[in-house]
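Subject: Structure handover and notes

Dear colleague,

Here is the structure I promised to pass on to you, together with its sequence. My notes on what was found in it follow below.

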Amino acid sequence: MGVVPSLDGELAVDDVAAVVGPRTRLVAVTAASNLIGTRPDVPALASVAHEVGAQLYVDGVHATAHVPTDVPASGADFWVCSPYKFLGPHLGVLGARPSILAPLRPWKLVPSTDSVPERFELGTLPYELLAGTTAAVDFLADLAAVESAATRRDRLVSSFEALQAYEDTMLGWLEPRIRALPGVTVYSNARRRTPTLLFTSAHVPAQAIRAALAQRGVNAPAGSFYAWEPSHHLGLGAEGGVRVGLAPYSDQSDVERLIDGLIAVLT
């Protein structure tokens with residue numbers, strides 16, 4: 001197994017190409033880092049994988065909540081995500097063409113169906129979670145619906161394009177002010193990324209910043225967020241850093257409260 005570290009938060013396509021070859025069967029990559037927000041060029045990585053006969057497995061958990069998602073256009077053979085990131089319940093989602101899933105033989109109960117995709121399910125489906133997921137998708141589709149959007153897919157694309165522009169605008173308010181704080185190091189430096197900022201202070205531990213912000217009504221968690229390898233690669237270890245993320249319900253007043261809290265804690 002080959003692992004490709006990122007440099008300055010970027011994941012270079014050439015670096016991935018250098019570690020794949022005729023024996024490679026699966027290339028796994030994130031569509032967006034939940035630690036620092038980096039968004040690799042997934043279609044280019046799909047081309048790298050497919051050129052050697054490998055499949056591409058994409059962790060889309062963080063990306064699916066922030067940018068328009070088109071799995072066929074991405075070139076991904078497998079795309080996984082969870083609705084909890086886009087205002088829905090905790091539920092696992094795996095998207096793949098039936099022709100790719102059909103040869104895979106998971107362990108299952110003998111009497112359970114062998115049909116695809118049902119053979120990958122664990123018995124009775126979680127209908128209440130599926131209903132919650134449908135409600136979340138419908139809500140997002142109507143965030144910025146336009147009259148010309150005939151289908152729910154069209155409405156989703158329109159809403160996510162508006163959402164991405166809105167979050168980028170808020171990030172433009174937030175990022176330079178965080179970078180200007182004394183003793184702060186920001187690790188979210190990729191050219192393409194979600195509205196996610198990971199930072200540390202030279203003077204105040206990450207967990208102390210989190211706790212102080214929480215007392216001021218600001219939820220900015222701290223840690224490695226299960227991104228164990230990237231956190232250690234960045235020299236942050238298990239402690240990680242403070243992560244600030246923007247969402248559809250964030251507004252300028254939230255940004256101001258965060259900055260005011262950070263000024264109080266760090267200066």
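I begin with D70, which counts as partly exposed because its relative accessibility is 38%. Please bear in mind throughout that this is a predicted model. D70 lies in the loop between β2 and α3, the latter covering residues 71-74, and although D70 and V157 are 87 residues apart in sequence, their C-alpha atoms are 9.3 Å apart in space.

The strand that precedes this loop, β2, belongs to an open sheet of four strands, which follow one another in the order β1-β2-β3-β4 with mixed pairing. Strands β1 and β4 stand at the edges of this sheet and have a single partner strand each, so one side of each is left without a neighbour in the sheet. On average, and with direction ignored, neighbouring strands of this sheet are turned by 20° against each other. As general background, strands of a sheet pair through backbone hydrogen bonds, and they do so either parallel or antiparallel.

Taking the strand pairs in turn, β1 runs parallel to β2 (residues 55-59), and five bridges join the two; within this pairing, L26 has Q55 of β2 as its bridge partner. Strands β2 and β3 also run parallel and are joined by three bridges, with F78 of β3 as the bridge partner of Y57. 

Strand β1 itself, which covers residues 26-30, may be worth looking at with the side chains displayed. In a regular strand the side chains alternate between the two faces of the sheet. In β1, V27 and V29 point to one face and are buried, whereas L26, A28 and T30 point to the other face and are not buried. Together with helix α2 (residues 42-51) and β2, strand β1 makes a right-handed β-α-β unit, and in this arrangement α2 lies across β1 and β2, running at about 150° to β2.

There is also an open sheet of four strands with the order β5-β6-β8-β7, in which the pairing is antiparallel. Its edges are taken by β5 (residues 184-186) and β7, each of which has a single partner strand, so one side of each is left without a neighbour in the sheet. Strand β7 pairs with β8 (residues 241-245) in the antiparallel sense over two bridges, and G223 stands opposite G241 in β8.

The loop between β7 and α8 holds two residues that I would look at together. One of them is S224, which counts as buried because its relative accessibility is 11%, under the 20% cut-off. Leaving aside residues up to four places away in sequence, S224 touches L35, S231, G237, A238, E239 and G240. The other is F225, which sits in this loop between β7 (222-223) and α8 (228-233); F225 is buried too, with a relative accessible area of 16%, and its phi is near 55°, a positive value in a residue other than glycine.

A positive phi in a residue other than glycine is also found at L87, where the angle is near 75°. This residue is in the loop between β3 (78-81) and β4 (93-95), and L87 counts as partly exposed because its relative accessible area is 40%, which falls between the cut-offs of 20% and 50%. For comparison, most residues other than glycine have a negative phi, and most peptide bonds are trans. With that in mind, you may also want to look at the peptide bond from V116 to P117, which is cis, with omega near 10°; P117 lies in the loop between α4 (98-101) and α5 (127-141).

The last item concerns a pair of helices, α7 (residues 206-215) and α9 (residues 252-266), whose axes come within 10 Å and cross at roughly 125°. At that angle α7 counts as oblique to α9, because the value lies outside the ranges for roughly perpendicular (65 to 115 degrees) and roughly antiparallel (over 145). The crossing of α7 and α9 is right-handed, and the contact is made by I209, A212 and L213 on the side of α7 and by L258, G261, L262, V265 and L266 on the side of α9.

With best wishes

Technical notes:
Residues are numbered from 1 along each chain as its sequence is written. This is a predicted model: local features need pLDDT of at least 70, side-chain atom pairs count only at pLDDT 80 or more; totals for chains, interfaces and linings use all residues. Side-chain values use heavy atoms; hydrogens and water are left out. Buried means under 20% relative accessible area, exposed over 50%, partly exposed in between (1.4 Å probe, protein chains only). Two strands pair if DSSP finds at least two bridges between them. A crossover is right-handed if, with the strands pointing away from the viewer, the path from the first strand over the helix to the second runs clockwise. Axes are lines fitted to C-alpha atoms, for helices over the stretch in contact, and angles run from 0 to 180 degrees between N-to-C directions. Angles under 35 degrees count as roughly parallel, over 145 as roughly antiparallel, 65 to 115 as roughly perpendicular and the rest as oblique. A crossing is left-handed if the near helix is turned anticlockwise from the far one by less than a right angle, and right-handed if clockwise. Contact means heavy atoms within 4.5 Å.
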